[in-house]
Amino acid sequence: MDFKQQILQGIPSELPSPKPYDTAVSHAPKRKDILTQEEKRLALCNALRYFKPEWHAILAPEFAQELKDYGRIYMYRFRPDYTMVARPIEEYPAKSQQAAAIMLMIQNNLDYAVAQHPHELITYGGNGAVFQNWAQYLLTMQYLATMTEEQTLVMYSGHPLGLFPSHKEAPRVVVTNGMVIPNYSKPDDWERFNALGVSQYGQMTAGSYMYIGPQGIVHGTTITVLNAGRMLKGKIAGKLFITAGLGGMSGAQPKAGNIAGVVSITAEVNPAATYKRHTQGWVDEVFSNLEELFVKVKKAQTQKIARSFAYAGNIVDLWEYCAKHNIHVDLGSDQTSLHNPWAGGYYPVGYSFEESNKMMAEQPEQFRAAVQESLRRHVTAVNQLAEKGMYFFDYGNAFLLESSRAGANILKPDGKFKYPSYVQDIMGPMCFDYGFGPFRWVCTSGKPEDLDMSDQIAMEVLQKMSETSPQEISQQMRDNITWIKGAKENRLVVGSQARILYADAEGRIKIAAAFNQAIKEGKISAPIVLGRDHHDVSGTDSPYRETSNIYDGSSFTADMAIHNVIGDSFRGATWVSIHNGGGVGWGEVINGGFGMLLDGSEDANRRLKNMLFWDVNNGISRRAWARNNEAIFAIKRAMNENPSLKVTLPNFADTVLVDEVMK
Ligand SMILES: NC(=O)c1ccc[n+]([C@@H]2O[C@H](COP(=O)([O-])OP(=O)(O)OC[C@H]3O[C@@H](n4cnc5c(N)ncnc54)[C@H](O)[C@@H]3O)[C@@H](O)[C@H]2O)c1
């Protein structure tokens, strides 16, 4: 059977042979044994409902064993034999080009070069899943291959509920991930529901088919490191940046450090992750001996050259070494997966990688205590260096939150965190409030020359805009022009031919319209998928991250994320998604996003203008209502340009008067 036939058959009619557990691939850690005996029966019945009863006698013991061995039923036997890679769009069997584009994006999220644990359908973040099991993958691809543009596919946390009649202007796919009744949104609830096979953690761009490899975050990290460096005195060259994590997203840190011009050290405990980033050229050198490492680091700092080093070991050992040896560190952060602290997101100091993996599955309480002890040591060392001038920031991984829960010395006397989230100081006021966010695109031809042409078009659009852009956003425009000029040279593509760029509403619309025109004229040979990270202006309500610079008390509400996705869905998105969890943890964030196919048509031109305008400006409006000055500036500008936009603006209370009244 060729690729098309295999997709079209969905779940094969003949039972495939069992697949050996491939040790050459990175696997998700064994999940906690959380289900009662009765619930395990239920999990098994849930899994078997995907298959004809004749197979149940074979599959039931096999799935029970998977549940026992891995804490989940992945249905490994049904993993397809074809290569998991984003193919050129015409290679997909499809009645709708929009559906074919979604298939391409799904395969990209599961590509071995892209996905963190491809056999467990995990794209990044340790638990960021595209599907819960292989049956869901097979059925979804089959539905996409057969659907028309008069239908919409409904996805419940990886499970394809089915195709429903709709219309051409409706999204082709509507995705929800991890949506639960709020009182049932604790980390153990995720463990239970996921083990039962009824919910999944979609992260941000994993369960929404919009992940583009670590490039997605290189740009955001570059902006963050660059602007953090600008906050310090002196030139950025020769400054030392220390952080942790070379995983799915965190693997971007060394590359971003090089682009920003600093010397960086990234600690990583998982040898497979370090090896992957080193062989991909994303980190320059790897050391496991700290003395040898610092000889090289000092040399790079003295020569003021940008260089990235990996420390193959625990971040706590690295921080404690720096504190003990009085090493001056300029910038510090952390991107271990602390949104998922008890199931492999954070490895405690003092235990090997293997010991930790065993302990988290077999002695979860002891593991939890080890993580918390490690976090307390982690923070003590960071505090010592911060007292000597290091600028430390939380990198959106729940480091501050989990450290405070572990009882680490991370709070000031007023009960607030000692360190800012990078959104509070940098990303919020400099980018999100003005509408700048991680706009991205994928060339569905798979041809590098199409990506080159799109880079060229985006650069020309930005250069033209920057001639007249107001002074408030001129730095952002300059940074983005520099980024896009160097994007190809920085070899950022892993997986599909994709690019990311921070742009505001005007920039996103103008670039998208120019792409659509180029497709129409044949300058770009095939459609482009447009999308964004959920980590953006409007898509995400997350009080410790995306909305941490909202100070009117509304940072714990999630109206914006819900409105964002509803609004996108009736303004022309090709697919939309809304997730509980992602970034900072299950129950801690609601985030959503979209995908949109640009095919050179007039319909696409109309949709992109309508949808992108809303997609950015709804978030700016909320940020303006929270009294953020940058957002008030941006939304007034948008209202000037589009008279049909009418946004409620805040008045500022006289704080002297309020203080007087409250005496
Ligand atoms: N700032 C942002 O914009 C942003 C974007 C995406 C993700 N994140 C957050 O960053 C975190 C990392 O994301 P990811 O996709 O890279 O996750 P990941 O799980 O793929 O990678 C984290 C890595 O940290 C390593 N690690 C864990 N504990 C360690 C320790 N004590 N010492 C050294 N290494 C350790 C793990 O082995 C793993 O490889 C997540 O919490 C994610 O939500 C932030």
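The second largest cavity in this predicted model has a volume of about 40 Å³. Its lining is formed by Lys32, Asp33, Ile34, Leu35, Lys40, Leu67, Gly71 and Ala195. By class, four of these lining residues are nonpolar, one is polar and three are charged.

This cavity belongs to a set of three cavities of 30 Å³ or more that a search of the whole structure finds. The largest cavity has a volume of about 220 Å³. A total of 25 residues line the largest cavity, and those that lie nearest its centre are Arg72, Ile73, Gln132, Asn194 and Gly197. Helix H2, spanning residues 37–48, and helix H6 each supply at least two residues of this lining. The largest share comes from H6, which contributes four residues. In terms of class, the lining of the largest cavity divides into 13 nonpolar, eight polar and four charged residues.

Helix H6 also takes part in the lining of a pocket. The second largest pocket has a volume of about 540 Å³. Its lining comprises 27 residues, and Lys186, Pro187, Asp188, Trp342 and Arg405 are those nearest its centre. Three helices, H6, H13 (364–387) and H14 (399–405), each supply at least two residues of the lining of this pocket. Eleven of the lining residues of the second largest pocket are nonpolar, seven are polar and nine are charged. Helix H6 is thus named among the contributors both to the lining of the largest cavity and to that of the second largest pocket.

The loop that lies between strand E5 (173–177) and helix H6 (187–196) contains methionine 179. Methionine 179 has a relative accessibility of 37% and therefore counts as partly exposed, since this class covers values between the cut-offs of 20% and 50%. On the surface, Met179 joins Ile562, Ile566 and Phe570 in making a nonpolar patch. The area of this patch is about 370 Å². Residue 179 thus belongs to the loop between E5 and H6, while the other members of the patch are residues 562, 566 and 570.

Technical notes:
Residues are numbered from 1 along each chain as its sequence is written. This is a predicted model: local features need pLDDT of at least 70, side-chain atom pairs count only at pLDDT 80 or more; totals for chains, interfaces and linings use all residues. Side-chain values use heavy atoms; hydrogens and water are left out. Patches are made of residues with over 30% relative accessible area and no salt bridge: like charges are joined within 9 Å, nonpolar side chains (Val, Leu, Ile, Met, Phe, Trp, Tyr) within 5 Å. Accessible areas come from the Shrake-Rupley method with a 1.4 Å probe; for residues, only the protein chains shown count as cover. A salt bridge is a side-chain nitrogen of Lys or Arg within 4 Å of a carboxyl oxygen of Asp or Glu. Buried means under 20% relative accessible area, exposed over 50%, partly exposed in between (1.4 Å probe, protein chains only). On a 1 Å grid over the protein atoms alone, a cavity is a set of points where a 1.4 Å probe fits but cannot get out, and a pocket is an open set with protein on both sides within 12 Å along at least five of seven lines; lining residues have an atom within 4 Å of a point. Grid points are joined across faces, edges and corners, and a volume is the space filled by probe spheres set on the points. Ala, Val, Leu, Ile, Met, Phe, Trp, Tyr, Cys and Pro count as nonpolar, Asp, Glu, Lys and Arg as charged, and the others, Gly among them, as polar.
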